[in-house]
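Trainee: Could you take me through one helix closely? I would like to know how it begins, what surrounds it and what its side chains do.

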Amino acid sequence: MQSIYALHQKSSDDIEKEEKFLLHSIDAIQDLYLIMLSSLVEIRKKEVVFLETSSKKHLATPEERNPNKKFVHNAVLQKLEESSSLSIALEKRKINNWAMNDDYILILLNEIKQSALYSNYMKTKKSSFQEDKDFVIEMFSELIAPNEKLYDYLEDHKLTWIDDIPLVNTQILKELKQVSEKEDFRISKLYKDQEDQEFVSSLFKKTVLNELELAKEYIDKTPNWDAERIAELDTIILKMAICEFLKFPSIPVKVTINEYLEIAKEYSTPKSSIFINGILDNLIKEFQNENKIQKTGRGLIQN
């Protein structure tokens, strides 16, 4: 949607250039995902260094000489650090952001250690895997993901990440909840499969190359709306949804409608989702009566 909108704003017909930028932006989501995951590893490493340095001070206190290492011994944080899947991906994609900007890791570590969450966790010196896991989940969701300084850094690093940060953090939180004591941690793939990857370019190109044809499907269905008064994002959302109805037989109608209503609520005007829902509902009935929609695949329900 944003790529098609950008194409309109530039009054450009260079579809290949915009498609290339679209794919590059999606590919960069993997970097953001790895950066956020590696922050957990780097936070633990910084605390290890801090404890070692403190214990070697000339006038070290008894507590500094024999510190509570529960945090650095956290089983989930250690599992992330020992993950070959994560380390290989970081090396392959040359992710070294925290080596270059370790001040952000220190900011995060400081906020963690000042939190009630950390204080409660460190009341004992030993813990179960489940306690370690629960702590990391809460630490990530309550202290790391919403950190404004970290958000500002990521936004400055790559502008396209503004919309991707919540998506990536939600995925990481999901993975942390699924971490198993007996299994190695493995990172997620950017695309589910080759078909998933091809869908990106296909939807973009089929929508852009058929805009006039797709627009004709809804123009006469908006009697109370002048076509020029419809928000441009709404017209793009309608075209993309209609494109999926007519040109992507494996995608269920309900899935398409739900996806684009969510996009409308997030990016367009307050009334857009109601307007779009009404148009799409009417179009579905019309398309089905005219046998324009031919959906195939397992588990497709149309009613």
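Mentor: Start at the N-terminal end of α12, which D193 caps. A side-chain oxygen of D193 lies 3.2 Å from the backbone nitrogen of E195. That fits the cut-off for a polar contact (N or O atoms within 3.5 Å; within protein, one must be able to donate a hydrogen and the other to accept it, and residues adjacent in sequence count only if both atoms are side-chain atoms).

This is a predicted model: local features need pLDDT of at least 70, side-chain atom pairs count only at pLDDT 80 or more, and totals for chains, interfaces and linings use all residues. Residues are numbered from 1 along each chain as its sequence is written, and side-chain values use heavy atoms, leaving out hydrogens and water.

Now the helix itself. Helices here are DSSP runs (H or I, at least four residues), numbered from the N terminus. Helix α12 covers residues 194-209, 16 in number. From first C-alpha to last, α12 reaches 23 Å, close to the expected 22 Å. The expected span is 1.5 Å times one less than the number of residues.

Which residues of α12 are buried? They are V200, S201, L203, F204, T207 and V208. Buried means under 20% relative accessible area, exposed over 50%, partly exposed in between (1.4 Å probe, protein chains only). An α-helix has 3.6 residues a turn, so residues three or four places apart point the same way. The cover over the buried residues of α12 includes α1 (2-9), α2 (15-55), α13 (211-219), α14 (232-247) and α15 (253-267).

Next, the rings. The structure holds seven aromatic pairs (Phe, Tyr or Trp rings, the six-membered one for Trp, with centres within 6.5 Å; planes under 30 degrees apart are stacked, over 60 edge-to-face, the rest tilted). Take one elsewhere as a comparison. F71 and Y118 are edge-to-face, 5.8 Å centre to centre, with 65° between the planes. F71 is in the loop between α3 (62-65) and α4, Y118 in helix α8, 47 residues apart.

Back to our helix. F199 and F248 are also edge-to-face, at 5.3 Å and 75°. F199 lies in α12 and F248 in the loop between α14 and α15, so the pair ties together parts 49 residues apart in sequence. F199 counts as partly exposed, at 27%. F248 counts as buried, at 8%.

F248 has another partner. The charged end of K206 sits over its ring, 4.8 Å from the centre. The cut-off asks for NZ of Lys or CZ of Arg within 6 Å of the ring centre and within 35 degrees of the ring normal.

How values were computed
Helices (H or I, at least four residues) and strands (E, at least two) are DSSP runs, numbered from the N terminus. Contact means heavy atoms within 4.5 Å.
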